[in-house]
Amino acid sequence: MTELKNQNSPFIHFHQKISFKFDGIKYYGYKGDTIASALFRNGIKLIGRSFKYHRPRGIYTCGIEEPNALVQIISEYSEPNVRATVKKIYEGMEVESQNRWPSLDFDIGSINNVFSPLFSAGFYYKTFMGPHKSFWKKIYEPVIRKAAGLGKPPKEFKAISSHLHHNVDIVIVGGGLNGLLAAVSLINTNYDVLLIESDNQLGGILNNSSKINEINGKRSQEWIKETIENIENSKNIKILKNTLVTTYNYINHLIAVEDKYVGAKPAEDKVNSTLHKIRTEHVILSNGHIERFLSFQNNDLPGIMLGASFEKYVCRYGVIPSKEPVIFSNNSNSNSLIQTLLELNIKPKAYIDSRSGEQIEGQLFDLIRKNDIPLYTNAQVKAAYGNKKLEKIIVEDSSGGTSEIATDFLCVSGGINPDVHLFTQSKGLLDWDEKDLTYKPSTPFQNTITLGSASGQFNLEEVENEINKKLKIFSPNKIKIKIKPSTANEYQIQKLWEVAAHKSSMWSKSFIDLQNDVTTKDIRQAISEGFDRIEHLKRFTTNSMGTDQGKISSINALGIVSDLLDKKVNEVGTTIYRPPYAPLSFAAIAGRNSYEFYDPERKSPIHQWHIKNGAVFEDVGQWKRPWYFPNSKSESMHDAVQRESKNVRENAGVLDGSTLGKIEIKGKDALNFMNLIYTNSFTKMKPGSARYALMLGEDGMVKDDGIICKISDEHFIATTTTGGAANVLACMEEYAQTEWPNLKVYMNSITEQFATFNISGPKTREIMSKVFSEIDFSNEAFPFMTFQFHEFEKTQIRIMRASFTGEMGYEIYVPASSALKIWERIHEYGKEFGLIPYGTETMHLLRAEKGYIIVGQDTDGSITPIDLGLNWMIGKNKTDFLGKRSLTRSDTVRSDRKQLVGIMPTNKEDQIQEGQHILLQETIETPVPMLGHITSSYHSPTMGHTFGLAVIKDGHSLIGTKAFASTSDQKTIPIDIVKPIFYDEKNERLVS
Amino acid sequence: MLVIDCPYCGPRDQSEFSNGGEAHVKRPDGSQDISDREWGEYVFIRSNPKGLFYERWVHSHGCRKWFNCVRDTSTDEILEIYKLDDPQPPLKKFENKIKTPSGEPDVGSGNFTVKK
């Protein structure tokens, strides 16, 4: 195959050959080529298989609007669904086609095309209903997922992106003719301007076609060069190339993605893409237009392409996909394509226009006659035929007669649409233009200005006027420009959406959405089934729901629907174009918030000690907490927890409780405030004492718990659960500011300033007396639920007599900087008494034996203090506290609420588990009444069997009765419902 | 994403703030003897208008101060921001500013062209 070059293209480096692989075969292209343009150089037209019917597909466009040519880039962590028409090649690039098996040329899935009459619109909803519900999940879905679709998701993910924020005055989207002129008009003004272009070349239509020969008496490329220089020399304008604006949000907030490696293999350790987050006062949309296609039978064959895209390949990429294409058009946009080809001595095989001879522009008519190009007027392409590539087309002329033209290439143009995606994302309104047959921007909703063809202004002679008029609000530099168009300037189009099929059958297909394999037949079927609202029709047929959002076809669908319903297109309406404009990778969105930065890890000040001592960690919120400390590699979690628990009950253990939330509350009205926040009353509490307290939501449900230390009426320290710390502080701040601003009270988090060590076990007092030898730990000097401040080696520490295990114990609060020193000292002195460190699992087990709840495990936001049997914690004489009134709501005083109870298996060898449901009868009969479930369950080394806590409907009155726990294999375990306390019911050990 | 003009810190990105729901909902004092229904209204019921909405925000990743705001929920336009102890601006102050993205009516939603 001899390669057809357009040596005049200034953007391709013809001296720089680049090799790349497509489906394992090596090909050559030039620096500057996209995958698509390089494949055309090598005569490759078949590039993929379609979504549903696995039909052979080629390259349909030359840009971001491409519906067909999606490929997988193997050399970049197997990046799927890359547009071959955008992605530039580099040395060693490996590309693969998608959705085919075993090969692109021979694809088993293409059998779908034979069965296609079965797969019409809505077939997913109708077909796979029986014989049983499980068939969808187990059989249909996996098979369909495998057969239908796009590329394969990569197994590995390594892309690196960064985010960049901009605050500017004006953003110009699109660096084509109008974008450049807008920038020129703002040179050296007082505005900060960002000019964003998705290509690596500025110039747009000037590069992509031969529509404009001269600007201000200069060749267009010369004018571009000069203009860019002027813009770059201006102090207030920044140009971003290779950057695609994907999103236009409220408040003129734009998102754009910049590809940092265009035409190069992305480095593995550098930022591959930048996500620009842009705040601006004004947006100028000069992002041009998109050509649309036409529907006729087999309009999807490889070898069929949009006319303007063909011209772009010739002008922008210097490759000529075919030397004798046939051109089929209904509008004047294709004029310049013929001109471009003739200038390169390429004679189109035929020109077919649906317009009459009189409607066709005189200049074009003369050109065609002069060059002796076969001309068909009032004519339409009825069908295209060929095996995996275009071989011939059938043309119907004005008389109704058909003729056959053998050709390998067909250029199609169905008219042009302003690229309104971003404008509609900004909530601007569109209006249908009956003359130009397209939706055009009408009323902007934000500070948005549209320019040039993006505004639906297709007349090049109007450019100067439009810019000077629309940008007037900026008092810009006045633009003086003389454009010399090469072809007729007036845009002309004749209505044509679809050509009736040449030979209509069950298998004939005229596509309306190439990416999702939607045919015009599907549209008809949807309407006949009642889906005549455009948004319904879109979802039923999946028309324009592909990743291209129907950029080249959605307007055609509206046209067809309006004809079928005999309504004006404006009445049919348009579906909404949603962000992003084109798919962007999750990697770009994630930015630096990935891998180890995805979520911050919080660590206790003695985290390193835990690592050194072999702790296994558990995630609690963002915290890493030691879960258990295995004494050897072979010790299982169960064994370690049993050993740790036993040791705490017999000797002593110490837990790193530093993650516990700590909040300091100060102020003249602190006492008053605390009485309002917590259920308990702190009024009669003596300074230096501590109290277990509950915090409710206004709905009366338990939200958090903790121990409150009263230093004075004006100074409290509250502890919270590890996960609830931030919420409790936020709640206190909210009420202090919004409901009780008259209270003089201030609060602050001191969680990270202090480490907390919970030491407990029968030998604790002996250990503490050794560690802090000057302190008297006797019950008289240091009673249960009191705290004392002490000076220890020049640091102030706070020791509290409290326990979460049921054994006598102390909590030691030390400044984080001295934490390790004191922690090690405790271990040093505790060794002889058998002190061990224990983790959260042992802590959970020991507290459950005592029936102490964990908020969030034994409660779930629907449990009141009364349900927990904690009535004693409610300050009866208080007039108000959070949620007080809710405790007497009709719902909270019901007797059949779920209430906390203890449970024990009747046969001690039975294992009960968390999450098991409670039944009152032995056999499981559906529907099973939802009585409640087991919230906590452990194996107790002290009792020698499993036990649990559960919330059961009317549980308090069921204590002493028998029930059953259902297992996951549909069996039941007999259980005894007991009081939720299993150890030291009289608290003798606790206060000993 | 919104830009919110914190009355204490100045304009900042929405990601620094948390929304606190409807503003000017007075918490009944606990000493009041009120019915289940009245209390239930306070705890569970909030208005959710399309259009002007008085709401609360807190600068949670900034000064942690609460303040009030008038926002048009159909356009997301913030019409006024005021401190907690400032008086509530009357609704009629904003009457002329109401506009919806698609010129739709104040109630309901959907595609305006289909509705016509």
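At what angle do the axes of helix α5 and helix α7 of chain A cross? In this predicted model, the two axes cross at roughly 40° and come within 10 Å. The sections below treat this pair after an outline of chain A, then turn to other elements of the chain and to its contact with chain B.

## Chain A in outline

Chain A contains 25 helices and 53 strands. Along the principal axes, its C-alpha atoms fill a box of roughly 115 × 70 × 55 Å. Buried residues make up 49% of the 992 residues of chain A.

Contacts in chain A can be sorted by separation in the sequence. Among those with a separation of 6 or more, 67% join residues that are 24 or more positions apart.

## Helices α5 and α7

Helix α5 of chain A covers residues 177-185, and helix α7 of chain A covers residues 220-233. The axes of the two cross at roughly 40°, which makes α5(A) oblique to α7(A) because an angle between 35 and 65 degrees falls in neither the roughly parallel nor the roughly perpendicular class. The crossing of α5(A) past α7(A) is left-handed. On the α5(A) side, the contact is made by L180(A), A183(A) and V184(A); on the α7(A) side, it is made by T227(A), N230(A) and I231(A). Classed by type, the residues of this contact are four nonpolar and two polar, with no charged residues.

The surroundings of α5(A) can be described by burial. Seven of the nine residues of α5(A) are buried, so this helix is largely enclosed by the rest of the structure. The buried residues are L177(A), N178(A), G179(A), L180(A), L181(A), A182(A) and A183(A). Of these, L180(A) and A183(A) also take part in the contact with α7(A).

## Helices α19 and α24

A second helix pair in chain A consists of α19 (residues 637-650) and α24 (residues 840-850), with axes that come within 9 Å and cross at roughly 55°. That angle makes α19(A) oblique to α24(A). The crossing of α19(A) and α24(A) is right-handed.

From α19(A), the contact takes V641(A), E644(A), S645(A) and V648(A); from α24(A), it takes E841(A), T842(A), L845(A) and L846(A). The contact of α19(A) with α24(A) has four nonpolar, two polar and two charged residues.

## A five-stranded open sheet

Five strands of chain A form an open sheet in the order β39-β40-β41-β38-β42, with antiparallel pairing. β39 (689-696) and β42 (746-749) of chain A are at the edges with a single partner strand each, so one side of each has no neighbour in the sheet. Neighbouring strands of this sheet are turned against each other by 25° on average, direction ignored.

Within the sheet, strand β38 (residues 661-666) of chain A runs antiparallel to strand β41 (residues 715-720) of chain A, and six bridges join them. I665(A) has F716(A) as its bridge partner in β41(A). Helix α20 (residues 670-677) of chain A lies across β38, β39, β40 (702-712) and β41 of chain A, and runs at about 135° to β38(A).

## Strand β53 and its partners

Strand β53 of chain A spans residues 972-978. The covered face of β53(A) holds I973(A), I975(A) and I977(A), while T972(A), P974(A), D976(A) and V978(A) lie on the uncovered face.

β53(A) pairs in the antiparallel sense with strand β48 (residues 898-905) of chain A over four bridges, and I975(A) of β53(A) is the bridge partner of P905(A). Strand β52 (residues 962-966) of chain A also runs antiparallel to β53(A), joined by five bridges. In that pairing, the bridge partner of S966(A) is T972(A). The hairpin of β52(A) and β53(A) has five residues between the strands, and Q970(A) in this hairpin takes a positive phi near 65°.

## Contact between chains A and B

The contact between the chains takes 30 residues from chain A and 23 residues from chain B. On the side of chain A that touches chain B, at least two residues each come from α14 (534-541), α16 (569-572) and α21 (725-738). α21(A) gives the most to this side, with four residues. The residues of this side of chain A comprise six nonpolar, 10 polar and 14 charged.

Notes: Residues numbered from 1 in each chain as written. Chains lettered and ligands numbered in written order. Predicted model: local features only at pLDDT ≥ 70, side-chain atom pairs only at ≥ 80, totals over all residues. Axes fitted to C-alpha atoms, helices over the stretch in contact; angles between N-to-C directions. Parallel < 35°, antiparallel > 145°, perpendicular 65-115°, else oblique. Left-handed = near helix turned anticlockwise from the far one by under 90°. Contact = placed C-beta atoms within 7 Å. Nonpolar A, V, L, I, M, F, W, Y, C, P; charged D, E, K, R; others polar. Buried ≥ 20, exposed ≤ 12 C-beta atoms within 10 Å, placed from the backbone. Pairing = 2+ DSSP bridges.
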